[in-house]
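Please open the model in your viewer and keep the sequence panel alongside, since each stop of this tour begins with a selection.

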Amino acid sequence: MDSFFCESDWIGILSGCLGRYFRQVYGEGVMGKRMNIALYVGMLENEFSYAVCEGAFLGAKELDANQKKKNINKINKFNEKLYHTVCERIEEGKIPLIIGGDHSIAIASCLASKKHNDNIGLVWFDAHADFNTFETTITGNIHGLPFACITGQNGNELSQFFDGNFFDPKKCVLVGARSIDYPGEVNNLKKAGIHIFTTEDIQNLGVKKVFDEAIKIVTDGTEGFHFSIDTDVMEPKEAPGVSVPEENGISAQSFLEMIQLFLNEKENIKSMDLVEYNPSYDKNHQTLKIIQNAMMMIINSFENKSKEE
């Protein structure tokens, strides 16, 4: 696992599968020169982290289609290490940004944040709900279960390293959804009481209106929120570099606009994820360029906050 983090108190960046693409985003040596951000690289079983964070979905294709717990032991092993690494960064006073990798890494990142910030909400910005359980999953892919896991819907089989309180579903929002498994995942969401804003809601109501409603939910009576961003929330014609594309997504412009609106609430952001970029499916670096813009927005927001302090 490559680990990138600021020397300031404001942001820490951990990278899983995007470690080797991080330099493509910023260029060799650019981070330290342009942003006053030191680059720290700590190798932690790099081959393993690459296989799980980048290749868990692809590797799952080699397994029995009826297997309901694909790669569970490797993912649990990786997430336990990621969980403790994120906890260490938080204890150092940093705000972690975890770069994936498929969305299963959010089990570790979200729960690490929850361990140190018990009363927080959650924004899950994703085309998929990721709210299956082992009983309802159709594919057996673990990246379809993390949101359910961190809200306590899936027991502790994926979170045995965690001994805190799970997220309160009533303080969580799913933004950008357009692919939810029926009937199991749909019923799971209804039972939990997750607030859902679909892609259609964003397109019809506008980015700002959806943001205004979502931010109220995750900050009402909380001390902040975790912001988890899945690249596949975008229209695949604009952002093809994802493992599980879904048609009729939001535009890249709306994607970046939504991120910026949440970044305007940086005083309430406790931690972040940016996941699901898959360079194997990208075309002419279309998706990478959008991620580059998103990363610059995130870094600049917290750098500006540091200067204001």
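The pLDDT is the predictor's confidence in each residue, on a scale from 0 to 100. With this predicted model, colour the chain by that score before selecting anything else. The protein chain averages a pLDDT of 81, and 76% of the residues score at least 70. Select residues 1-17, where the pLDDT is below 50 although the model gives this stretch 89 contacts beyond near neighbours in sequence. Then select residues 19-65, over which pLDDT stays under 50 and for which the model has 99 contacts beyond four places in sequence. Where pLDDT is low, the predicted coordinates should not be read in detail.

Now switch to a cartoon of the whole chain, whose secondary structure comes to 12 helices and eight strands. Of its 309 residues, 59% count as buried, and among contacts between residues at least 6 apart in sequence, 74% join residues at least 24 apart.

Next, select residues 106-116, helix α6, which is largely enclosed by the rest of the structure because nine of its 11 residues are buried. Show the side chains of the buried residues, which run from Ala106, Ile107, Ala108, Ser109 and Cys110 on to Leu111, Ala112, Ser113 and Lys114. Around them, display α5 (72-91), β3 (96-99), β4 (121-125), α7 (146-150), β7 and β8 (269-275), against which the buried residues of α6 pack.

From there, move to Leu145, in the loop between β4 and α7. Is Leu145 buried or exposed? Leu145 counts as buried, because its relative accessibility is 0%, where the cut-off for buried is under 20%. Draw a distance from its C-alpha atom to that of Phe131, and the two, although 14 residues apart along the chain, are separated by 5.2 Å. Leaving aside neighbours within four places in sequence, Leu145 is in contact with Asp130, Asn132, Thr133, Phe134, Thr137, Asn154 and Leu158.

For the next stop, display the pocket surface, in which the largest pocket has a volume of about 300 Å³. Of the 20 residues that line this pocket, His128, His143, Gly144, Asp181 and Val244 lie nearest its centre. Colouring the lining by residue class gives three nonpolar, nine polar and eight charged residues.

Select Glu235 next, in the loop between β7 (225-230) and α11 (252-263). Glu235 counts as buried because its relative accessibility is 11%, and its side chain reaches the backbone nitrogen of Gly249 at 3.0 Å. Not counting residues up to four places away in sequence, Glu235 touches Arg178, Glu247, Asn248, Gly249 and Ile250.

The last stops concern backbone geometry. Centre the view on Pro183, in the loop between β5 (172-177) and α8 (184-192), where the peptide bond from Tyr182 to Pro183 is cis, with omega near 5°.

Finally, select Glu276 and Asn284, beginning with Glu276 in the loop between β8 and α12 (286-308). The phi of Glu276 is near 75°, a positive value in a residue other than glycine, and at 6% relative accessibility this residue counts as buried. Asn284 also lies in the loop between β8 and α12, and has a positive phi of about 55° although it is not a glycine. Which side of the cut-offs does Asn284 fall on, buried or exposed? Asn284 counts as exposed, because its relative accessibility is 68%.

How values were computed:
Residues are numbered from 1 along each chain as its sequence is written. This is a predicted model: local features need pLDDT of at least 70, side-chain atom pairs count only at pLDDT 80 or more; totals for chains, interfaces and linings use all residues. Side-chain values use heavy atoms; hydrogens and water are left out. Helices (H or I, at least four residues) and strands (E, at least two) are DSSP runs, numbered from the N terminus. Buried means under 20% relative accessible area, exposed over 50%, partly exposed in between (1.4 Å probe, protein chains only). A polar contact is a pair of N or O atoms within 3.5 Å; within protein, one must be able to donate a hydrogen and the other to accept it, and residues adjacent in sequence count only if both atoms are side-chain atoms. Contact means heavy atoms within 4.5 Å. On a 1 Å grid over the protein atoms alone, a cavity is a set of points where a 1.4 Å probe fits but cannot get out, and a pocket is an open set with protein on both sides within 12 Å along at least five of seven lines; lining residues have an atom within 4 Å of a point. Grid points are joined across faces, edges and corners, and a volume is the space filled by probe spheres set on the points. Ala, Val, Leu, Ile, Met, Phe, Trp, Tyr, Cys and Pro count as nonpolar, Asp, Glu, Lys and Arg as charged, and the others, Gly among them, as polar.
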